[in-house]
Amino acid sequence: MVQKYESPVRIYKYPFELVVAAYERRFPTCPQMPIVLDCEIIEDNVFDNGARRDTKRRCKIAVEAPYLIKKIIGVDVVFFIQQNFLDMKTRTLNIEATNESFATRVEIFEKCRYYAHPENPDWTCFDQTATLDIKNFFGIEHSMEKMGMKQYTQTTLKGKEIIEFFVNELKQEGITHVDRWVDDATVTSTTAGTATNTTPPEKPPLCRDNSILDADYIAKYLGQLTPLQESKLVQLRKRFEHGTSEHPEPDYQTLLRFLRARDFSIDKATGMLQESLQWRKEQRIDSILGEYKTPVVVEKYFPGGWHHHDKDGRPLYILRLGTMDVKGLLKSVGEDELLKLTLHICEEGLRLMKDATKLFGKPVWNWCLLVDLDGLSMRHLWRPGVKALLRIIETVEKNYPETMGRVLIVRAPRVFPVLWTIVSTFIDENTRSKFLFFGGPDCMHAEDGIEQYIDTDKIPSFLGGSCNTLIHEGGLVPKHLYKSESIEETNGAIQAHDHHGLYKAVDLKPGQLFELLIRNTDPKSVLTWDFEVLKNDTLFAVFHTEKEIEQSGNDDFSSVFDGPDFKEGTNYKKIEQSVKCRPKEGVQGSHEMASTGTYVLQWMCPPSCDGPAQLMYFHEILSSANYKGSMTSLQSGFSSNSLQSR
């Protein structure tokens, strides 16, 4: 059975000539490889005016094997033949090694290669393959195969350390540069006795014609990468190096983003990028910055915009989602237009990242998003709005991977877990890890507040900072700007949607109660509510009972718990304490229904009111199967600016 070994590509951040000089110091012995007892040169020939050198060595290797095996084979050392083929003109060194001892019983063939980095001429690559075929070895073939490959793997892992050791040794001797080979016939002497110019050649810039990637470019525009990551970036570049004016090849930042999105799998990144490039062509994305015209409704009512940078130099985009009229925007411009707006923002982000890289002199390849949720209510979960949001998330995840460096969620109300539960399942896990949440009203000065991430003088005034911004509050889109009625898809059919139907209206006389009974058979499901008081004060509370209960429609001034069979604390309990809600206040909340039974949402107009109360309410249940994570009872949260189009 033939055993095979193939090493990953290694990269030395030294020029090829310096690496070759270090490699030569390995012979005849080196301290890092004590099993190599001696190496004798048996042939050494130089060709092409010194450009090529072929060297043949006979190497004496100590047998590293258990005593019993040594007794069986009868030797303590074996011999290998190694041949080196050095070409200074092409900057390559090919090495081949075969075993001389026991050649009729065992075939060992090793091939190594040092070569100049194809994208960075000041770096050197190394790869290695080997095969081991034990045909007949004293009846212990299988044991020898396992032992041989194990020891070979351990030995090859030392290779990089050896080169590094001898490079440092050269540096200690004052040798930090070795001239590239130059053909004497092409050298023009400037003065007598001056044969060559020893000044190192100037580093070429990055350009598409010669596909050269300068080391300074990597440091300035791509950031720190491991040698393996750099190697895979070069390999991916080669798959997309033939661009056209209509379909230009991706730049290195784009290639790197798609590689990161697929854990540096070249094949997966290739497939993802190919699909994205085709999508960009079909949707004319490369022209969107020049061709896109912002609709007047968006300019006036979309509460988002770019705002300076965060502390890491990332472009900062602020979205005041809590005051955005999702329903009004969708009705006035439509889902496709909101998607196009998002893509325009993403393309602006790519451009601003490049500008920030030049401005700060360091790689900036993602941006920061700050989402202000003050005013968020359950109305933002209007189904066509959620559908549009999920489509936007899916499109951005596919075509702009790894562009989101950090997401700051500020002034998150109690209802936010509901929105997050629905939306987060559609967000890439790596992106989800970049979300930071700030639930209190003082997100600026609180411990671990946003001052950690944004300079104090850049925090906008509506968050307590001193910086003015042109990002407005959004507000309601007037109905006369609506272009179409809202639509929803139900079982594949598109039907007209009555936007009044999501919320139901209730009028309560002083002292009157309204109770909504919710029977739960799904433990760990989540009950959510959102209501808005339109007129006069209203009291709100939530109860739970495991006792059978039926809602009475006869007496609107009595509770279902007023009967003789109910006693608070015994067979029913209040799980959300009563809160007093004033006109124009929105209340959002959620509760994990840990047990079965009946949950009761109760509203009451206080008897002392001088007139009837009016409210609009909505509730929804998230099944335990669709809700991830644990959640305790959440007290109701208020938002005084939650009025939406009705």
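Which backbone oxygen does the side chain of His-544 reach? In this predicted model, the partner is the backbone oxygen of Thr-596, and the distance is 2.9 Å.

**Around His-544**

His-544 is part of strand 19, which covers residues 538–545. Its relative accessibility is just 7%, so His-544 counts as buried, the cut-off for that label being under 20%. If you set aside the neighbours within four places in sequence, the contacts of His-544 include Tyr-572, Lys-573 and Ile-575. The other contacts come from Ser-595, Thr-596, Gly-597, Thr-598 and Tyr-599. Thr-596 therefore turns up twice here, as a contact of this buried histidine and as the owner of the oxygen that the His-544 side chain reaches.

**Helix 6 against helix 8**

Next, a helix pair. Helix 6 takes in residues 227–239 and helix 8 takes in residues 266–283; their axes come within 10 Å and cross at roughly 40°. That angle makes helix 6 oblique to helix 8, because anything under 35 degrees would have counted as roughly parallel. As for handedness, helix 6 passes helix 8 in a right-handed crossing.

Which residues meet there? Helix 6 brings Lys-232, Gln-235, Leu-236 and Arg-239, while helix 8 brings Ile-266, Asp-267, Ala-269 and Thr-270. Sorted by character, the residues of this contact come out as 3 nonpolar, 2 polar and 3 charged.

**Backbone oddities**

Now for the backbone. Most residues other than glycine have a negative phi, and most peptide bonds are trans. Asn-49 has a positive phi though it is not a glycine, and His-308 is another non-glycine with a positive phi. Here they are side by side:

| Residue | Phi | Location | Relative accessibility |
|---|---|---|---|
| Asn-49 | about 60° | loop between strand 3 and strand 4 (52–62) | 46%, partly exposed |
| His-308 | about 55° | strand 9 (residues 304–309) | 40%, partly exposed |

So Asn-49, at 46%, counts as partly exposed, and His-308 earns that label at 40%. As for location, Asn-49 is in a loop, whereas His-308 is in a strand.

And where is the cis peptide bond that involves Pro-28? It runs from Phe-27 to Pro-28, with omega near 0°. Pro-28 has its place in the loop that links helix 1 (16–24) to strand 3 (36–47). Strand 3 also borders the loop that holds Asn-49, with strand 4 on the other side.

Conventions
Residues numbered from 1 in each chain as written. Predicted model: local features only at pLDDT ≥ 70, side-chain atom pairs only at ≥ 80, totals over all residues. Heavy atoms only, no water. Axes fitted to C-alpha atoms, helices over the stretch in contact; angles between N-to-C directions. Helix = DSSP H or I, 4+ residues; strand = E, 2+ residues; numbered from the N terminus. Parallel < 35°, antiparallel > 145°, perpendicular 65-115°, else oblique. Left-handed = near helix turned anticlockwise from the far one by under 90°. Contact = heavy atoms within 4.5 Å. Nonpolar A, V, L, I, M, F, W, Y, C, P; charged D, E, K, R; others polar. Buried < 20%, exposed > 50% of the residue type's maximum accessible area, 1.4 Å probe, protein only. Polar contact = N/O pair within 3.5 Å; in protein donor to acceptor, adjacent residues only side chain to side chain.
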